[in-house]
Amino acid sequence: MGIKLSLTVVSQSVYNGAFRHYRPTLHFLKGFGLSEQLLTVKGLFCERDDRVLFSNLNFALHAGEIVQIEGQNGSGKTTLLRILSGLSRHYEGDICWRGEPVDEVREQYCRELLYFGHQAGVKAVLTPEENLRWYAALSPSINAHAIADALWQVGLRGYEDVPCHSLSAGQNRRVSLARLYLSQAPLWILDEPFTAIDKRGVAAKEQLLLQHARRGGSVLLTTHHELGIQGPVRKINLDQLAGTST
Amino acid sequence: MAEKKWMPRWFYQLASPRWCYQITGSLLPWFTGAALLLLIGGTIWSLAFAPADYQQGNSFRIIYLHVPSAILAQSAYMLMAVAGAIGLIWKMKVADMVLKSAAPIGASMAVLALATGAIWGKPTWGSWWVWDARLTSMLILLFLYLGVMALNSAIENESTAAQASAVLALVGLVNIPIIKYSVEWWNTLHQPATFKLTEKPAMPAEMWLPLLVMVIGFYCFFAVSLMLRLRNEIIWRERRTGWVRELLKKQ
Amino acid sequence: MTMKTNSGQPAEIGMAGLFAATWRREFLLSFRRKSDLVNPLIFFLMVATLFPLGVSPEPGFLSQLAPGVVWVAALLATLLSMDALFRSDYEDGSLEQLLLSPQPLFVVVLAKVLAHWVMTGLALTLMAPLLGLMLFLPAEGMPGLMLSLLLGTPTLSLVGAIGAALTVGLKKGGVLISLLVLPLYIPVLIFGSSAVQAAVTGLPLGGYLALLGALLALALGLAPLAISAALRISISS
């Protein structure tokens with residue numbers, strides 16, 4: 001894997017620095033029509049409060065792919081994302097990361113994962129910048145030098161030093177979404193990332209997801225928005241999928 | 001590589017409860033018989049035939065209830081913590097259920113030990129409660145049991161509840177020797193040279209043999225009640241599986 | 001298929017850096033919410049006030065009671081502050097992010113607990129002489145009181161954090177946590193108050209402090225593991 005290819009995708013701002021590591025190899029693979037399976041799920045079974053949410057769920061997430069998990073309220077979208085992220089261990093079945101059982105490569109997996117949950121994970125008494133600095137300390141895949149840039153990107157310019165409790169709900173979500181601009185992790189698991197975000201913000205985030213996919217990263221998300229992404233979007237419907245396999 | 005690691009988990013999670021239910025079903029009659037025999041025999045022996053204590057007279061006979069229940073309370077905690085550790089490490093469902101089933105039995109044993117200790121204390125010390133080292137340790141043990149039970153019932157998700165209780169039980173297990181030591185030490189500090197309840201210099205065989213019978217009887221009784229509770233728990237948790245449904249249909 | 005993904009990433013901050021970052025964050029959080037900082041101290045003072053009112057204001061009697069009362073009050077004040085340790089992190093989702101970090105969890109946990117101790121246990125220790133005065137604790141007992149609290153309260157924080165981690169997912173964790181944790185506090189209480197008593201009567205303190213130190217060492221070694229495990233369990237429900 002020592003082949004070095006230069007980045008062909010032109011990127012702006014933080015991206016130049018952010019995606020310089022695993023991308024070349026992936027592009028090399030893509031050139032031959034191959035794309036690596038990042039996350040593989042086999043025979044996943046989960047029940048909650050006496051109800052089977054999904055059983056024998058099988059799918060693979062490839063590099064460069066955006067997968068949207070669909071389903072009614074209570075169909076287990078959030079549970080699935082929590083299981084895949086490693087937060088919830090209440091499941092049976094196999095989850096593999098780059099072909100290895102995820103439990104055996106937990107640390108590496110956490111290194112390559114960015115998870116965005118229901119709660120934004122933003123401390124109300126800290127400023128946006130302080131919040132992001134903490135995430136940079138927590139996760140080596142977050143680039144601490146680009147925090148100001150990222151806040152600018154999510155439209156929080158001028159709010160860097162305002163405590164988050166005086167920001168609106170949408171702005172708080174944006175603070176957390178700024179992690180997407182900073183992250184070098186190939187796998188993004190996003191649970192309702194667009195909640196409380198306005199239209200323009202959503203469009204910008206969709207562009208971001210697309211760029212991430214084009215760079216060989218992959219995205220797994222749930223959202224009630226109709227995704228406007230023209231690109232490699234695949235949908236998995238939990239309502240239909242339960243009990244069947246693809 | 002992956003198969004090797006994943007097979008046991010699948011095996012334990014799916015196969016074990018049923019096997020456990022069957023094996024306890026076949027063991028249950030034997031233990032019930034043994035428990036009845038030993039407890040009735042031991043009671044008659046200890047109340048009617050064992051000699052009275054030269055100091056305490058007949059009131060000492062409560063020892064035949066107090067000591068076994070105290071031993072059981074401690075053993076049950078050990079069992080609970082070990083089951084908790086097994087459940088945490090190997091994700092064994094049955095171990096979780098053993099933990100949940102053992103806690104109330106152990107707690108009631110602790111209550112019994114405390115009650116008999118108090119009743120014994122009345123003629124011996126002239127008061128229902130004395131801050132004796134053993135009684136105090138037993139009281140704290142009861143608190144530990146109550147903590148585990150409270151945590152177990154507070155968490156709705158069964159497997160989360162079991163894991164959390166297991167962690168607490170293990171923390172308690174590490175603490176028990178420290179608590180015992182500190183309480184004994186505290187006791188000697190505040191009440192030097194008190195009359196000890198159970199530490200007899202030398203108990204004649206006619207006295208300790210029935211005690212031994214009672215202790216073994218209590219262990220058998222514990223096993224019986226644990227198995228009964230465990231079987232209930234297995235049926236309840238596995239109620240949606242095929243084998244439980246078949247079992248219920250048959251009955 | 002092996003791919004190096006971390007070859008050119010920004011230099012990872014080491015354990016010390018992580019510890020420092022957590023520590024800084026905890027202090028920032030506390031100093032911006034000052035009430036959390038002061039409440040346990042007020043509670044400490046109030047509990048100590050209850051004893052003269054409830055039992056007797058007679059100095060001779062109170063001075064006998066003082067070692068135990070100050071220790072019980074410190075223990076309860078620590079316990080009271082424990083519930084908040086992980087709760088706000090749980091509620092705003094930071095805890096999830098913490099658990100998904102590739103960084104070693106026990107370092108962050110240890111940093112959090114120790115920062116918490118500095119803001120409660122250490123503050124209580126510094127405040128203890130005031131309570132000693134109020135309860136007529138003889139002056140000879142003061143060093144014993146301070147030293148025993150200094151060595152004992154970190155253990156209380158560490159053990160209390162296990163309870164906090166176990167109950168963080170529950171809505172009503174407050175009462176439950178005391179049920180879980182109080183029995184575990186008993187050895188610290190015994191050795192701590194005995195140390196003060198020994199100091200009052202002029203006996204050597206070394207043995208008691210050594211015992212408290214041993215408990216602290218044990219708690220430092222084992223509690224972070226238990227706390228980490230408990231957090232993972234609590235968050236997975």
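These notebook entries record what I looked up in chains B and C of a predicted model.

**Entry 1: confidence in chain B**

I began with the pLDDT of chain B, which averages 85, with 89% of the residues scoring at least 70. I then compared the elements of chain B. Helix α4 (residues 133-154) has the highest mean pLDDT, at 94, and helix α1 (residues 2-49) has the lowest, at 78. I noted that the pLDDT is below 50 over residues 1-7 of chain B. Beyond near neighbours in sequence, that stretch has four contacts in the model. I keep in mind that predicted coordinates should not be read in detail where pLDDT is low.

**Entry 2: P210(B)**

I located P210(B) in helix α6 of chain B, which covers residues 205-237. Is P210(B) buried or exposed? I found 24 other C-beta atoms within 10 Å of P210(B), and 20 or more are required, so P210(B) is buried. Leaving aside residues up to four places away in sequence, I listed what P210(B) touches: G42(B), W45(B), S46(B), A50(B) and Y64(B). I also checked P210(B) against L65(B): the two are 145 residues apart in sequence, and their C-alpha atoms are 11 Å apart in space.

**Entry 3: chain C as a whole**

I turned to chain C and counted ten helices and zero strands. I recorded the extent of its C-alpha trace along the principal axes as about 75 × 35 × 30 Å. How does the radius of gyration of chain C agree with that of a compact globule, and what is its value? Chain C has 20 Å, which agrees with the value near 18 Å for a compact globule of 237 residues. Of these 237 residues, 51% count as buried. Finally, I looked at contacts in chain C between residues at least 6 apart in sequence, and 81% of them join residues at least 24 apart.

How values were computed: Residues numbered from 1 in each chain as written. Chains lettered and ligands numbered in written order. Predicted model: local features only at pLDDT ≥ 70, side-chain atom pairs only at ≥ 80, totals over all residues. Helix = DSSP H or I, 4+ residues; strand = E, 2+ residues; numbered from the N terminus. Buried ≥ 20, exposed ≤ 12 C-beta atoms within 10 Å, placed from the backbone. Contact = placed C-beta atoms within 7 Å. pLDDT = per-residue confidence, 0-100. Rg over C-alpha atoms; globule rule 2.2 N^0.38 Å.
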